[in-house]
Amino acid sequence: MKICGLQKLTLLDYPEKMACTVFTGGCNLRCPFCHNASLVVGAMPDEIPQSELFSYLEKRRKVLDGICLTGGEPLLQDGVEDFLKRVRELGYSIKLDTNGTFPEKLRKLIESGLVDYVAMDIKNSPERYAETVGVPGFDDSPIRESIDFLLSGSVDYEFRTTVVRELHNAESLAAAARSIQGAKRYYLQKFVDSGELIGCGFSAVSDEEMKEFLELVSPFVQSAALRGV
């Protein structure tokens, strides 16, 4: 496990939980609008020893409800299963953020009882996935497999799309929502330029446009909402 960051307290990352967020290094995608470029390309932050992290988790057992494992892409990591077993032994609830490109690993962790909540990114419509993830010729069949597995109801979940003016429009967002038709929760997140992007020249849409997009996607899912607006 390549642990490159720790947010010691979050009330936002894990719905209805007081949690900490653990950031893993490395990703198999190159989304040009990614706000965590230092965890994906170039020199990564110094790793945090697992002993240090678990010492913190041990001390906070009576304060925190859970952890959010994010990245980068956590399922790219070797040892993620053993890591989550140790977290579970401490009594924590576990949320996993994933891009959905490792459906077999996702299924195994959930069927092993090591994940309580999954947040999966839906980057764009199937037609614009390669462009949006920055990987020419990208094969989106693993994405479809992960979507279908989550829709089966094996674990609590949400889907989410970060809306970027240069990559998304009404047509592509409707197609993205259609690809997860019937989903329990779908969030449209407003893009924020962190100043640490992989690419450049990307911008947010207006709040009014975000609201229009929300109306557009809502008929396809059970519940849809905005974040960052």
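The buried residues of helix α5 are covered by elements that include α3 (103-111), β5, α4 (129-133), β6 and α6, where cover is judged by contact, that is, by heavy atoms within 4.5 Å. Helices (H or I, at least four residues) and strands (E, at least two) are DSSP runs, numbered from the N terminus. The structure is a predicted model, in which local features need pLDDT of at least 70 and side-chain atom pairs count only at pLDDT 80 or more, while totals for chains, interfaces and linings use all residues. Residues are numbered from 1 along each chain as its sequence is written, and side-chain values use heavy atoms, with hydrogens and water left out.

Helix α5 spans residues 141-151, and I143, S146, I147, F149 and L150 are its buried members, a residue being called buried under 20% relative accessible area, exposed over 50%, and partly exposed in between (1.4 Å probe, protein chains only). When α5 is viewed down its axis, these buried residues fall within an arc of 165 degrees, so they line one face of the helix; the arc is that of the directions from the helix axis to the C-beta atoms. Just after α5, G153 takes a positive phi of about 85 degrees.

Strand β6, which is among the elements covering α5, has six of its eight residues buried, so β6 is largely enclosed by the rest of the structure. Two strands are said to pair if DSSP finds at least two bridges between them, and by that criterion β5 and β6 pair in the parallel sense over five bridges. The strands β6 and β7 also pair in the parallel sense, over five bridges. Within these pairings, D121 stands opposite R160 in β6, and R160 stands opposite Y187 in β7.

Side chains of opposite charge can pair when their charged atoms come close. A salt bridge is defined here as a side-chain nitrogen of Lys or Arg within 4 Å of a carboxyl oxygen of Asp or Glu, and the count by this rule is 16 salt bridges. One of them joins D121 to R160, with the closest N and O atoms 2.8 Å apart. This pair links distant parts of the chain, since D121 belongs to strand β5 (residues 117-121) and R160 to strand β6 (residues 156-163), 39 residues apart. Both partners lie in the interior by the accessibility criterion: D121 counts as buried at 16% relative accessibility, and R160 is buried with a relative accessible area of 12%.

A further salt bridge is formed between K184 and D156, whose closest N and O atoms are 2.9 Å apart. Because K184 lies in the loop between α6 (170-179) and β7 (186-190) while D156 lies in strand β6, the pair ties together parts that are 28 residues apart in sequence. K184 is partly exposed at 34% relative accessibility, and D156 is partly exposed with a relative accessible area of 26%. D156 also forms a salt bridge with R185, again with closest N and O atoms 2.9 Å apart; here D156 in strand β6 is linked to R185 in the loop between α6 and β7, 29 residues away. In addition, salt bridges that share partners join K95, D97, D121, K123 and R160 into one network.

Helix α1 (residues 50-59) has L53, F54, Y56 and L57 as its buried residues. Seen down the axis of α1, these residues fall within an arc of 155 degrees, so they line one face of the helix. They pack against β1, β2, β3 (66-70) and α2 (80-89), whereas the face of α1 turned away from the buried side carries the exposed residues S51 and K59.

At the surface, L9, L11 and L12 make a nonpolar patch of about 360 Å². Patches are made of residues with over 30% relative accessible area and no salt bridge, like charges being joined within 9 Å and nonpolar side chains (Val, Leu, Ile, Met, Phe, Trp, Tyr) within 5 Å; accessible areas come from the Shrake-Rupley method with a 1.4 Å probe, and for residues only the protein chains shown count as cover. Of the patch residues, L12 is found in the loop between β1 (3-10) and β2 (19-24) and is exposed, with a relative accessible area of 75%.

Another leucine, L216, is placed in helix α7 (residues 207-217) and is partly exposed, with a relative accessible area of 31%. Leaving aside neighbours within four places in sequence, L216 is in contact with A170 and A174.
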